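User: Hi! I'm just starting out with protein structures and would love some help looking around this one. Could you walk me through it?

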Amino acid sequence: MEAKKLLETGEISSKDLILACKKNAEKYKDLNMILTDRYDEALKDAGPKSIPGALKDVFFLKGTKTTAGSKILKDFNSPFDADLTVRLRDNCDSVFVAKTCTDEFTMGSFGKTNFTGPTKSPWKNNNGEHFSPGGSSSGSSAILAAGGCLYSTGTDTGGSIREPAAWTGLVGGKFSYGAMPRYGIISLVVNFDSPGYFTYTVEDLEYLFNKTVGISNHDYTTIDYKPAPHTKKKIALIKEFSPSHEVQIAIDETKKVLEDAGYEFIEVSIPLIAITIELYYVFVCSSAASELSKFDGIFYGDRSKEYVGNEEIYNKCRTECFGPEVKRRILIGNYLMYSANVDDYYWHALRIQQLLWESFEKVFQDVDCILCPTAELPMTVEETLSNPDPVKEYKCDLYTTFVNLMGFCGINVPIKLAGCGSPVGIQLVSKPQGEHILFHIGKIVDKHFDFCRRILWKKI
Amino acid sequence: MEKNLKLGVKIGLEVHIQMKTKSKLFSAAAENGIGIPNENTTCFDVGYPGTLPLLNEHALELAARTGLALNCTINEVSIFDRKHYFYPDSPNGYQITQQYHPICSNGYLDIPGKRIRINKIHIEGDAGKMVHAGSCSYLDWNRSGIALMELVTEPDIQSSEEAVQFVNELILILQYVDTCGCNLENGEIRFDVNISILNGNRIEVKNLNSIKFMKEAIEYEIVRQSEMVEKGEEISRETRLYDSDHGVTKSLRKKEQIADYRYMQDMNLPPVVLEKSWIENIKQHLPKLPAKLREENNDLNREALDVLINNPSLYSYFCKILEYTDERNLAASFLTSDINGLVNKNETKLKDSKITPQNIGEVCNLIKKNEISNKTGKYLIDKAFNEIIDVLKVVKEENLGKITDIEIINNMCKEAMVNYPKEVERFKNGNEKLIEFFVGQILKTSSGRADADLVRERLKIFLHS
């Protein structure tokens, strides 16, 4: 928002802005955050007041490739502009400086499955090792934390915006399911995928949201957003969440700030929250197996040069071009969907999802907002690469997946630095169409801790 | 048929019917399965990521109309599911269909002497087309995503004849409700047949694209399965294809390989919810169907009736003629034999000819009033086919009216008897059939205008005197 003011008055030009961003991106080149570099094109595209933004490489932007972080789409040209690409360009006067790295097909929490190699966060621990920027929107979080743009886009299916935001000290917004159109965004779980943004402040997030929210004629699952009224000055804490020490401190400090602002806190118990990870992965794996069936190399995508017969085209292409995590989830997903298993897993998960909804419905009768951790402290990139235990990795999503399962909105607000040198954030969650409640409460927290100005910008 | 009953033959049909929509089921591409390959496709139809399906609501109306014409219940809520399988003709890796909650259920279609129950009709997107040439296969996705209805019968059919009757009546009904173009040569209707005997496992024969092949495949399968049973061989679940060149079915996949489609609701598409009033409206506007029309027109000659009913546009032409005359049988006869003959002879369609329903009506009326003979009637029809005429005017100008004046008839008879004395002799000697010879001569000289019955009457009197 500050940049907008400066652009308005003409104190800086958009070209200066873009060049400054480009310089930062150059400085942090070895973080491997960018798949398609567009700074020069952006300089040409920019109007006098344009804001530079970066797109996660699952958003279609005509004239660029969209790879979804996968070898199978490494040469895939965006066939049209995504609805959000159009809205950002037209309603927010934005130009796009980069397509950013992402975990392959948005599956991952550390940014390590991107086909050109893992992405690193600009933040380092006390030994000088780079932290992981989180995932799957790893490139988008890294590039904004590095000062390579003024905002970036991501998609959040199980925490893929909020968790990287927490790990890189940014505001990350996952909006209510259906608030933002998915047309032109490569999908993973059709009924969880929520496009959203990374910004430096909650104020910026609110601005982008208001300018781009709304129904799309291309997408049946979009809703006519009508803000839910903020009537209850109560916030819930979830009893079953017990994060590590430094994360808990951040929560406690946030709680104090909000109590000073007149909010009352209550503790609620949601026993089913313990299996939200399992539930989530049943849906993700089933959906991944379904959504990724279209990648066969027949019409587009990498096709092996040598093959004999139909089966080999499919086998070779998919074996050679999908990474191990993607393959793992497809295999699990297909297993879960077999007619012998589907009732025990998929249909059963649907029933539990319904029960979970009923628990939360009760909670939101008393409160408008939930305060909880976003994620545990980040691991270093080295640690993520040397710890191949998928189940352990999946459990990192504990604090974020319930929001996707329920279609809620949630934002990460950065609070402070932990002792090890990494940023720590907290999460605010509200019911569907509760974004304005989150912006209201989020701004109170953000203004107080002012992480962006006090810490992040100083670092860049 | 008796043999089939002994064998306990059970046949169920799955009929794939392309709906007459302007664009495809889930995309705006034109619905045109033929034409330049891959011309009628959008990003969604070729399986690009980041695309979303948008339902063609007209397809709902066509499916509901078809279901109502087949006595189905139209389900107020129906849901789209994904049916997953890998094959080049399926660019998304799945077909969008309605597995658990179809739009229509529990209908029936009557064939002579029997009711065939319909389990359901659901909507789905068609697959693309593969053309094999040598070692290469070519893919055409024009057909991919075209709106289809799949109609599934209960195994009530017991012979190939019954199957043919069912399919013929079904196609007729589809023409009446105008929900399908019904061009089998273009693949607009395709059949899968399920056959079992003696309560054994059923064999599926897929992708039959003509009624002839369907009949042949059924007959072949019944024989093949009964021979297997005689030899003591077990019949296990199997999918087969029909090889029309050799008249045999061949195995495609056995039970163990039968695909598990991993059905999953397509979450990009909300459930379809139809309002009762919308369904009622379609029901009110259904046209009269063949069965009802046969009932209402059972006074007509059976053959002529079949021709009329089997051709909806001919039937409505018939109705137009009835605005000018009450002579139903006569009108039906002219339309189905004489005019049909002219259409074929001149290779001109009825609508391109010059004849009008009024022409035909007036001819019928004149015949009824005995003002012209049948032969004259045919002459007028022929003339009207090729040029615009006013029937009554032509009759007057060309002096075509029937001669009924007794004086004139008497004179004609006497003249004929004078001209053919030998025949008179033979008649008087007992060859009474010769009277027709005289009738014929008189008709000839009067250009068919003499009233044949009157002539005969008068001749009898003269010849016997």
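User: Let's start on the outside. Which residues make a nonpolar surface patch?

Analyst: Happy to help! This is a predicted model. In it, Tyr335(A), Tyr338(A) and Tyr345(A) make a nonpolar surface patch of about 310 Å².

User: Cool. Where is Tyr345(A) found, and what is its relative accessible area?

Analyst: Tyr345(A) is part of helix H12 of chain A, which covers residues 343-366. Its relative accessible area is 35%, so Tyr345(A) counts as partly exposed.

User: Okay, now the two chains. How many residues are in contact between chain B and chain A?

Analyst: On the chain B side there are 30 residues in contact, and they meet 35 residues of chain A. About 2,900 Å² is buried between the two chains, and carbon and sulfur atoms give 64% of that area.

User: Which residues of chain B lose the most area to chain A?

Analyst: Those are Pro49(B), Arg262(B) and Met267(B), and together they make up 21% of what the chain B side buries.

User: And how many salt bridges cross that interface?

Analyst: The rule finds 1 salt bridge between chain B and chain A. Its partners are Glu291(A) and Arg82(B), whose closest N and O atoms are 2.8 Å apart. There are also 11 residue pairs in polar contact across the interface, with both residues at pLDDT 80 or more.

User: Switching topic: which residues of helix H4 in chain A are buried?

Analyst: In H4, which runs over residues 83-91 of chain A, the buried ones are Asp83(A), Leu84(A), Thr85(A), Arg87(A) and Leu88(A).

User: What covers them?

Analyst: The cover includes several elements of chain A: strands E2 (51-56), E3 (94-100), E4 (151-156) and E6 (194-199), plus helix H7 (202-212).

User: And what phi does Asp93(A) take, just after that helix?

Analyst: Asp93(A) has a positive phi of about 50 degrees.

User: Back to salt bridges. How many are there over all chains?

Analyst: A search of the whole structure gives 51. One of them joins the side chains of Asp81(A) and Arg89(A), at 2.5 Å from N to O. Arg89(A) is partly exposed, with 32% relative accessibility.

User: Got another one in chain A? I'm curious about Lys255(A) and Glu259(A): how far apart are they along the helix?

Analyst: They are 4 residues apart, about one turn of the helix, and both lie in helix H8 (residues 245-260) of chain A. Their side chains meet in a salt bridge at 3.8 Å, N to O. Lys255(A) has a relative accessible area of 26%, which makes it partly exposed. Glu259(A) is partly exposed too, at 38%.

User: How about chain B? Which residue forms a salt bridge with Lys20(B)?

Analyst: That's Asp178(B), and the closest N and O atoms of the pair are 2.6 Å apart. Asp178(B) lies in the loop between helix H3 (160-177) and strand E11 (189-196) of chain B, while Lys20(B) lies in the loop between strand E1 (10-18) and helix H2 (57-69), so the pair ties together parts that are 158 residues apart in sequence.

User: Are those two buried or partly exposed?

Analyst: Asp178(B) is partly exposed at 39% relative accessibility, and Lys20(B) is partly exposed at 43%.

User: Last one! Which residues do salt bridges with shared partners join into one network?

Analyst: That network is made of Glu291(A), Lys294(A), Arg82(B) and Asp266(B).

Notes: Residues are numbered from 1 along each chain as its sequence is written. Chains are lettered from A and ligands numbered from 1 in the order in which they are written. This is a predicted model: local features need pLDDT of at least 70, side-chain atom pairs count only at pLDDT 80 or more; totals for chains, interfaces and linings use all residues. Side-chain values use heavy atoms; hydrogens and water are left out. Patches are made of residues with over 30% relative accessible area and no salt bridge: like charges are joined within 9 Å, nonpolar side chains (Val, Leu, Ile, Met, Phe, Trp, Tyr) within 5 Å. Accessible areas come from the Shrake-Rupley method with a 1.4 Å probe; for residues, only the protein chains shown count as cover. A salt bridge is a side-chain nitrogen of Lys or Arg within 4 Å of a carboxyl oxygen of Asp or Glu. Helices (H or I, at least four residues) and strands (E, at least two) are DSSP runs, numbered from the N terminus. Buried means under 20% relative accessible area, exposed over 50%, partly exposed in between (1.4 Å probe, protein chains only). Contact means heavy atoms within 4.5 Å. Buried area is the accessible area (1.4 Å probe) that two parts lose on being put together, summed over both. A polar contact is a pair of N or O atoms within 3.5 Å; within protein, one must be able to donate a hydrogen and the other to accept it, and residues adjacent in sequence count only if both atoms are side-chain atoms.
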